[in-house]
Amino acid sequence: MVAEPGSAVLGEIALDVPSSSESLSLVRSVVRRVVDFDTFDEQSGFLVAVGEVFTNAVAAQRRAPVREPIRVVISLGVDRCIRIEDQGNGFPGVGDEPMAPPEPVAMGRGLLIARAFVPDLTIVSSTAGTSVALPIRSS
């Protein structure tokens, strides 16, 4: 985990975490400690969404293959959100409509699950990677 020196602005934490499933517990722990949620259920649902998006980022970098860390940015200012950025190859069909999973279906439901808990998440994807922003409801 590396906080980028000099890049943090008031209310923002940027972490570069290893691209591995083991890093998810660290990401969840940081979110729990720095984000105030109104209820335990709200926190739990948000953490499920973070887990699904982070797991997708790890898989995208593994397929690329990319060994760079995954960037997790926690913004706690006016526009509170968590942004997870990978350097995978991106993917098509990232609009509001869910994209059909490729055949055979071995995976592909993570964003649907994440959107169930954070319906207004946004996705920006290109061949240089994907950034998913998960807005945090205001308390």
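How many aromatic pairs does a search of the whole structure find? In this predicted model, the search returns 1 aromatic pair. The two partners are Phe37 and Phe46, whose ring centres lie 5.4 Å apart. Their planes meet at 50 degrees, so the pair is described as tilted. Stacked pairs have planes under 30 degrees apart and edge-to-face pairs over 60, so an angle between these limits falls into the tilted class. Both rings belong to buried residues: Phe37 has a relative accessibility of 15%, and Phe46 has one of 5%. Each of these values counts as buried because the cut-off is under 20% relative accessible area.

Phe46 also leads into the interior of the model. Together with Val31, Phe54, Val72, Ile82, Ile84 and Leu134, Phe46 is listed among the residues with the most contacts inside the largest nonpolar core, a set of 28 residues. Several elements build this core, with at least two residues each from β2 (12–17), α1 (24–34), α2, β3, β4 and β6. The greatest contribution comes from α2, which gives 8 residues. A helpful place to look is Leu134. Leaving aside residues up to four places away in sequence, Leu134 touches Phe46, Ala49, Val50 and Val53, and also Cys81, Ile82, Ile84, Val118 and Leu121.

The strands that contribute to the core can be followed from one to the next. Strand β3 (residues 70–75) and strand β4 (residues 81–86) run antiparallel and are joined by 5 bridges. The connection between β3 and β4 is a hairpin of 5 residues, and Ser75 stands opposite Cys81 of β4. Strand β4 in turn pairs with strand β6 (residues 129–135), again in the antiparallel sense, through 6 bridges. Here Asp86 faces Thr130 of β6.

Thr130 offers a second point of interest in β6. Is Thr130 buried or exposed? With a relative accessibility of 7%, Thr130 counts as buried. The side chain of Thr130 joins that of Ser125 in a polar contact of 2.8 Å. Ser125 itself sits in strand β5 (residues 122–126), so this contact links two strands, each defined as a DSSP run. Ser125 can also be placed relative to Gly88: the two are 37 residues apart in sequence, while their C-alpha atoms are 9.3 Å apart in space.

Gly88 appears once more among the neighbours of Gln61. Gln61 is found in helix α2 (residues 40–63), the element that gives the most residues to the nonpolar core. Which side chain makes a polar contact with the side chain of Gln61? The partner is Ser19, at 3.3 Å. A polar atom of the Gln61 side chain also lies 2.8 Å from the backbone nitrogen of Gln87. Gln61 is buried, because its relative accessible area is 0%. Beyond residues up to four places away in sequence, Gln61 touches Ser19, Val66, Glu68, Pro69 and Ile70, along with Asp86, Gln87 and Gly88. Among these neighbours is Asp86, the residue that stands opposite Thr130 in β6.

Note on methods. Residues numbered from 1 in each chain as written. Predicted model: local features only at pLDDT ≥ 70, side-chain atom pairs only at ≥ 80, totals over all residues. Heavy atoms only, no water. Pairing = 2+ DSSP bridges. Helix = DSSP H or I, 4+ residues; strand = E, 2+ residues; numbered from the N terminus. Buried < 20%, exposed > 50% of the residue type's maximum accessible area, 1.4 Å probe, protein only. Polar contact = N/O pair within 3.5 Å; in protein donor to acceptor, adjacent residues only side chain to side chain. Contact = heavy atoms within 4.5 Å. Phe/Tyr/Trp six-rings, centres within 6.5 Å; stacked < 30°, edge-to-face > 60°. Core = buried A, V, L, I, M, F, W, Y, C linked by side-chain atoms within 4.5 Å.
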